[in-house]
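Here are a few short exercises to work through with the coordinates open beside you. Try each task before reading its solution.

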Amino acid sequence: MKKVHKLILQAFIKPFIVTFCIVMFVLLMLFLFKYIDDLIGKGFEWYVIMELIGYQCAVQLSMALPLSMLLSSIMTFGNLGESYELVAIKAAGVSLRKAMSPLFILVGLFAAGSFLFSDYILPVVNLKMGSLLWDVRNKKADFLIKPGIFNSTIPGYAIRAKSKSKDGTVLYDLTIYDKSKGNSASDVLVAKEGYMYNSRDQNFMILKLIDGVRYEDSRANNAKTYDPRQQFTRFYFKETETKFNMDAFEMKRTDENLFKQHHQMLNLRQLKLKSDTNLMELDSLSKMTAQELKHNILFTSRYYNEGVRENAKIEVGNNILAYIPESNRRNVVSSALGQVQQFKDGTFNRSTEYQGLVDKDTRYDIEYHRKFTLAISCLLLFAIGAPLGAIIRKGGLGAPVVISIIFFLIYHIISTVAEKSAKDGAMTPFWGMWMAILVLSPLAAFLTYKSTTDSALFDIDQYKIKAQVALQWIKEKLNIKKQKV
């Protein structure tokens, strides 16, 4: 028994590690393709990119772990079935359920670890990842001059060069508009050549200009006290330097406390606390609206009663305006319409706030259930993959990859559609997050039953034989009817 358990564990761990690395690599490539425009051309240090990839690896664990569990389980038992090792195990008197028992324990440990990871580590990773990705996406691209095009990435300046050298350090036929003083480009600088380099502290870009002229319009700065003889100034130079502040191109880290209240950055205890607080706000808002409605009804009815003739008995269903003197009817109706409009406007404003609280409470509940579905999905997909591999008896990366992708797509599509329906309010968060697991659990039980009974569920030859028998039976029935006719 111990040798059989060791054999199955060794046969499972190696494919699991390989498939996990492959799936994680594919998911990371999808992430990089999605944000490639935000990463290229901004001059990030290598450790910033590696930090971002490290956080993304942890975030993608919720998708990589179930998929690799499904794929590796199909490969493992497919290889064992293809090499007739499962037949040998059963011939030795060991059932498939007993042979798989150590794997169930191992997968259970993986599921427990994924639950602890999603509750304690994933919120912190989401916080770090969200903060860093926000800063990366908002960082400006490096200063780059394209020939014949004005560059306005440096605040207060617009720079254009007719051409530049191959290494990009020498610019020719430069035109610079200086708007840093708040005017509308009243200062213009023109030069034949410009040599570009950075300062020692890398905080400034220095442009060494050769053989040019600077034009200044003093009217924009001294509109009230300018000298008519000095409205326009022109400076010629052989060589000068212009310094540009590059602080706008530095990546500034945002305070992580600004992202801490997001539902993905909270653990189970914090989600429960936020949900309870949100429900208290919803209850308070509902009571406030009901109290305002009651106040408006009492005020309006009191105003009506003051305008009704004395000793008048108002019967239900009759027109109340008939009991009000004609001299007071206009005032009463106008006041009632004003009260109704005021209550309607207040209710509309509160309904927007109420809907925001409802949506927030829904997202808290969805994230609360997500902590558990990650662990259960690992168990479910293993329960589908292991018996499926024993049935199809195909190893390698061919048929197992195709079959695992099909089943994972089914799981992922059901999960995504149900979660979106829960966010839209079409179903409760519980059903939205557990729908895929509840739908596929009977399939896992069916495949487990078929594998333990040695069913050839995917044997094409078996279905061909059954189809031929059915066709033969139909032909015999048709021949009998013809003979009777």
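**Exercise 1. Strand order**

Task: In what order do the 5 strands of the open sheet lie, and with what pairing?

Solution: Keep in mind that this is a predicted model.
- The order of the open sheet is S1-S2-S3-S4-S5, and the pairing is antiparallel.
- Next, look for the edges: S1 (157–164) and S5 (232–245) are the edge strands, each paired on one side only.
- Finally, the twist from one strand to the next averages 25°.

**Exercise 2. Walking across the bridges**

Task: How many bridges join S1 to S2, S2 to S3, and S3 to S4?

Solution: Take the pairs in turn.
- S1 and S2 (residues 170–178) run antiparallel and are joined by 7 bridges. As a checkpoint, isoleucine 159 has isoleucine 176 in S2 as its bridge partner.
- From S2 to S3 (residues 187–198) there are 8 bridges, again with antiparallel strands. Here leucine 171 stands opposite glycine 194 in S3.
- S3 pairs with S4 (residues 204–217) over 10 bridges, in the antiparallel sense. You can check this with tyrosine 195, whose bridge partner in S4 is lysine 208.

**Exercise 3. Classifying a helix pair**

Task: At what angle do H9 and H10 pack, and how far apart are their axes?

Solution: Two packed helices are described by the angle between their axes and the distance between the axes.
- H9 (residues 399–424) and H10 (residues 429–452) pack at about 155°, and their axes are 7 Å apart.
- Angles over 145 degrees count as roughly antiparallel, and H9 and H10 are therefore roughly antiparallel to each other.
- For the handedness, H9 passes H10 in a right-handed crossing.
- The residues that meet include Phe407, Ile410 and Tyr411 in H9, and Trp431, Met435 and Leu443 in H10.
- Sorted by class, this contact of H9 with H10 has 15 nonpolar, 2 polar and 1 charged residues.

**Exercise 4. The other helix pair**

Task: Which residues of H4 meet H9, and what classes make up the contact?

Solution: Start with the geometry.
- The axes of H4 (residues 61–82) and H9 cross at roughly 140° and come within 9 Å.
- H4 passes H9 in a right-handed crossing.
- On the H4 side, Met63, Pro66, Leu67, Leu70, Leu71, Ile74 and Met75 take part. Their counterparts in H9 include Pro400, Val401, Phe408 and His412.
- By class, the contact of H4 with H9 has 12 nonpolar, 2 polar and no charged residues.
- To link the exercises, find Phe407 of H9: it is among the residues that meet H4, and among those that meet H10.

Technical notes. Residues numbered from 1 in each chain as written. Predicted model: local features only at pLDDT ≥ 70, side-chain atom pairs only at ≥ 80, totals over all residues. Heavy atoms only, no water. Axes fitted to C-alpha atoms, helices over the stretch in contact; angles between N-to-C directions. Helix = DSSP H or I, 4+ residues; strand = E, 2+ residues; numbered from the N terminus. Parallel < 35°, antiparallel > 145°, perpendicular 65-115°, else oblique. Left-handed = near helix turned anticlockwise from the far one by under 90°. Contact = heavy atoms within 4.5 Å. Nonpolar A, V, L, I, M, F, W, Y, C, P; charged D, E, K, R; others polar. Pairing = 2+ DSSP bridges.
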